[in-house]
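Reader: I am in my first year and would like to understand how the words used for a structure are justified. Could we go through some of them together?

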Amino acid sequence: MNSNTKAYLRGLSNEFGESSNAIRVELNRLEDAGMLKSTSVGNKKFFSANTSHPLFGEVHNILMKYVGFDQIIERVVSRLGEVDQVYVTGDLSRGMNSEIIDLLFIGNIDKNYLIELIEKAEEFISKKIRYITYSREEADKIDWEKFKPKPLLLWAIES
């Protein structure tokens, strides 16, 4: 989900509950296909998405649909009015699966309507959604360093 996220073999093995050998085989296949790039730090080999791969955009869109972000965008953001940006934070921004989707909205938003739309989206995607909103004025004061990793931008108003 987050192309800035890096992971290593044992971490992925623990996260997916699979043997490290099975994970290694798949990582090597994806790296050989050019979908992943790797860097070595000490005795650990870290993998990350190759955003310059011609199929990166398509794979990313498939993941967005799998997680349900496309439905959130369609059902929530497009109907709120003055939304400037929407970010995903928490586990999903780390590239980990989660039953809870953490969203950060920036703009002048009708919070009552947002709650109503989120309830509908939760039923549709069968996941819980937590959110925080910042007005345009508050957005300048967001301490982005408090978010680890940096939130993943899902949507921004076209300038």
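Reader: Why does Trp 144 count as partly exposed?

Author: Please keep in mind that this is a predicted model. Trp 144 has a relative accessibility of 25%, and because buried means under 20% and exposed over 50%, with partly exposed in between, Trp 144 counts as partly exposed.

Reader: What makes Tyr 87 buried?

Author: The relative accessible area of Tyr 87 is 10%, and since the cut-off for buried is under 20%, Tyr 87 is therefore called buried.

Reader: Why is the pair of Tyr 87 and Trp 144 called tilted?

Author: The structure holds two aromatic pairs. In the pair of Tyr 87 and Trp 144 the ring centres are 4.9 Å apart and the planes stand at 50°; centres within 6.5 Å make a pair, and planes under 30 degrees apart would be stacked and over 60 edge-to-face, so this pair is tilted.

Reader: How do you know that this pair links distant parts of the chain?

Author: Tyr 87 lies in strand β4 (residues 81–89), whereas Trp 144 sits in the loop between α6 (136–139) and β7 (152–156), and the two are 57 residues apart.

Reader: What makes the pair of Trp 144 and Phe 147 tilted?

Author: Their ring centres are 5.8 Å apart and their planes are at 40°, and as this angle is neither under 30 degrees nor over 60, the pair is tilted. Through ring pairs, Tyr 87, Trp 144 and Phe 147 are linked into a cluster.

How values were computed
Residues numbered from 1 in each chain as written. Predicted model: local features only at pLDDT ≥ 70, side-chain atom pairs only at ≥ 80, totals over all residues. Heavy atoms only, no water. Phe/Tyr/Trp six-rings, centres within 6.5 Å; stacked < 30°, edge-to-face > 60°. Helix = DSSP H or I, 4+ residues; strand = E, 2+ residues; numbered from the N terminus. Buried < 20%, exposed > 50% of the residue type's maximum accessible area, 1.4 Å probe, protein only.
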